[in-house]
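The following exercises concern the backbone, the environment of selected residues and the reliability of one protein model. Each task is followed by a worked solution.

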Amino acid sequence: MSTDNIATTINCPTCKKPVVWSDESLYRPFCSKRCQEIDFGEWASESFSIPGTPATAEAIDDDMTQH
Ligand SMILES: [Zn+2]
């Protein structure tokens, strides 16, 4: 009855290699950690870099602990 046995395959955005969309593909939509880092590095260098990380969560947490 089930037709869900056919694995969904997508293409790695970095190297265009077919990647099986499953829990085993830890770096999906990328085929590997390397491709994930390559893609991340590219958009990080192409777009403006953000100095430091937003501390919104920490600020909220700090405010709650003071009270
Ligand atoms: Zn890849």
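**Exercise 1.** Determine where proline 29 is found and which peptide bond joins arginine 28 and proline 29.

*Solution.* In this predicted model, proline 29 belongs to the loop that connects β2 (18–20) with α1 (33–46). The next step is to inspect the bond to the preceding residue. Omega between arginine 28 and proline 29 is about 5°, and the peptide bond is cis.

**Exercise 2.** Place these elements in the fold: how many helices and strands does the protein chain have, and in what order do they run?

*Solution.* The count gives two helices and two strands. Read from the N terminus, the order is β-β-α-α. For contacts between residues at least 6 apart in sequence, 8% join residues at least 24 apart.

**Exercise 3.** Characterise lysine 16 by its loop, its phi angle and its surroundings: is the residue buried or exposed?

*Solution.* Lysine 16 lies between β1 (9–11) and β2, in the loop. Its phi is near 65°, which is a positive value in a residue other than glycine. To classify the environment, count the other C-beta atoms within 10 Å of lysine 16: there are 10. A residue is exposed if that count is 12 or fewer; therefore lysine 16 is exposed. Finally, the C-alpha atoms of lysine 16 and cysteine 31 are 8.7 Å apart, although 15 residues separate the two in sequence.

**Exercise 4.** Repeat the analysis for proline 13 and state which residues proline 13 touches, not counting those up to four places away in sequence.

*Solution.* Proline 13 is likewise found in the loop between β1 and β2. Within 10 Å there are 15 other C-beta atoms. The count lies between the limits of 12 for exposed and 20 for buried, so proline 13 is partly exposed. With residues up to four places away set aside, proline 13 touches Pro29, Phe30 and Asp39. Proline 13 and arginine 28 are 15 residues apart along the chain, and their C-alpha atoms are separated by 9.5 Å.

**Exercise 5.** Assess the chain as a whole: what share of its residues is buried, and which element has the lowest mean pLDDT?

*Solution.* Of the 67 residues in the protein chain, 6% are buried. The mean pLDDT of the chain is 79, with 60% of the residues at 70 or more. Among the elements, β1 has the highest mean pLDDT, 96, whereas helix α2 (residues 56–66) has the lowest, 60. Predicted coordinates should not be read in detail where pLDDT is low.

Terms used: Residues numbered from 1 in each chain as written. Predicted model: local features only at pLDDT ≥ 70, side-chain atom pairs only at ≥ 80, totals over all residues. Helix = DSSP H or I, 4+ residues; strand = E, 2+ residues; numbered from the N terminus. Contact = placed C-beta atoms within 7 Å. pLDDT = per-residue confidence, 0-100.
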